[in-house]
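Thanks for coming. I will take one structure today and go through its strands, one helix, its salt bridges and a bit of its surface.

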Amino acid sequence: MRMRPTLSWTPPEDLSPGTTDPGPVADVLGAGGVLVLSGAGISTESGIPDYRSEDGSLGRHTPMTYQDFIAGAQARRRYWARSHLGRRTFGRARSNAGHRAVAAFGRQGLLSGVITQNVDGLHQAAGSQGVVELHGSLDRVVCLSCGAFSARGELARRLEEANPGFAPVPSAVNPDGDADLTDEQVGDFRVMPCTVCGGILKPDVVFFGESVPPQRVEHCRELVRGAASLLVLGSSLTVMSGLRFVRQAAQDGKPVLIVNLAPTRGDRHAVTRVALPLGAALTAVAGRLGVPPSTAGRQDRVKVLRSRRYAYSSDRAG
């Protein structure tokens, strides 16, 4: 399925305002078999903005689309200059209480899996295992010509060498790692080609307008089929890539619960939406269940990412 660049969604007036009681989430987690689907909202407390909240990046920024990226060299120059700078902010981000709570629930055997729409790697940094990165990861790079994969850190080194002294001050950094720079700040930034064939390099993430690999989608559908319930954390569910799993769970008669401050496109399919900040809500749930907090998020995130930098998913074969 092609991920359409749906940038906004207007909630209908008859949607419930949600509850501030995290009890239903604790009840579902206590029963086990919960599949987590997380979005940008779980990473805002780590300093990474989301897209669609009141202060979200879509109010001032249009994400790069796949069509724009492949259309011309100037678009790719602009993307790589901005992404190269934004990566420094992502590199400083650390997992927060929400990420650590999810890892703790997994450690206690309460989860059947974790699917994330985020590309920041913070679930893994907190200690979650077997995370499915629905939209890929900013820590990997793929060649559009020969299909070779490489570590983003290696490309960053090459870009540093090719653009000495490149250090403009961005006005903001967005959830996709794209820093806001003017064309003047981008200047004549040099983009690096694939070291294998000289082809065009792209981050191993699903841009707006690009298809999520079908094998990955089917893997997520299998996780939904095997779960007892679905817990959505910090996603507006505006794009179909995440909403389809909510619809699937609801059609299968499995309870869907959402923790998100604002209404979501999936609210009609959910038994409840908890309108609380993720960190506070999940910490409260962990307390009710007697689940000790995860300490994995305190480790050096760089070590976590290095340990998995070539752990590519099997869905890339197709």
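Before the first residue, a cut-off: buried means under 20% relative accessible area, exposed means over 50%, and partly exposed is what lies in between. This is a predicted model, so side-chain atom pairs count only at pLDDT 80 or more.

With that, take L144. Its relative accessible area is 38%, so L144 is partly exposed. L144 is found in the loop that runs between β4, residues 136-143, and β5, residues 149-151. Together with I70 and I200, L144 makes a nonpolar surface patch of about 220 Å².

Now the sheet. Six strands form an open sheet with parallel pairing, and the order is β3-β2-β1-β7-β8-β9. At the edges are β3, residues 132-133, and β9, residues 272-274, each of which pairs on one side only. Further in, β1, residues 34-38, runs parallel to β2, residues 111-116, and five bridges join the two. To place yourself on the screen, find S38, which stands opposite T116 in β2.

There is also an antiparallel pairing. β4 and β6 pair in that sense over four bridges. V142 has K202 in β6 as its bridge partner. How many of the residues of β6 are buried? Five of its five, so to speak of β6 as mostly covered is fair.

Next, helix α6, residues 152-162. Its buried residues are R152, L155, A156, R158, L159 and A162. Seen down the axis of α6, these buried residues fall within an arc of 165°, so they line one face of the helix. The general background is that an α-helix has 3.6 residues a turn, so residues three or four places apart point the same way. What covers the buried residues of α6? The cover includes α3, residues 73-92, along with β4, β5 and β6, the last being residues 201-205.

The same helix carries a salt bridge. E161 pairs with R157, and the closest N and O atoms are 2.7 Å apart. Both residues lie in α6, four residues apart, which is about one turn of the helix. E161 counts as exposed because its relative accessibility is 55%, while R157, at 38%, counts as partly exposed.

That brings me to salt bridges in general. The structure holds ten of them. One is between the side chains of R288 and D21, at 3.4 Å from N to O. This pair links distant parts of the chain: R288 sits in helix α10, residues 278-289, and D21 in the segment before α1, residues 23-31, with the two positions 267 residues apart. R288 has 52% relative accessibility and therefore counts as exposed. D21 has a relative accessible area of 36%, so D21 is partly exposed.

Now a pair with another setting: is the salt bridge of R273 and D267 made by buried or exposed residues? R273 counts as buried at 5% relative accessibility, and D267 counts as buried at 11%. The closest N and O atoms of R273 and D267 are 2.8 Å apart.

Last, E133, R140 and D204 are linked in a network of salt bridges. As for the general point behind these pairs, side chains of opposite charge can pair when their charged atoms come close.

That is what I have; I will leave the structure on the screen for discussion.

Key
Residues are numbered from 1 along each chain as its sequence is written. This is a predicted model: local features need pLDDT of at least 70, side-chain atom pairs count only at pLDDT 80 or more; totals for chains, interfaces and linings use all residues. Side-chain values use heavy atoms; hydrogens and water are left out. Patches are made of residues with over 30% relative accessible area and no salt bridge: like charges are joined within 9 Å, nonpolar side chains (Val, Leu, Ile, Met, Phe, Trp, Tyr) within 5 Å. Accessible areas come from the Shrake-Rupley method with a 1.4 Å probe; for residues, only the protein chains shown count as cover. A salt bridge is a side-chain nitrogen of Lys or Arg within 4 Å of a carboxyl oxygen of Asp or Glu. Buried means under 20% relative accessible area, exposed over 50%, partly exposed in between (1.4 Å probe, protein chains only). The arc is that of the directions from the helix axis to the C-beta atoms. Contact means heavy atoms within 4.5 Å. Two strands pair if DSSP finds at least two bridges between them.
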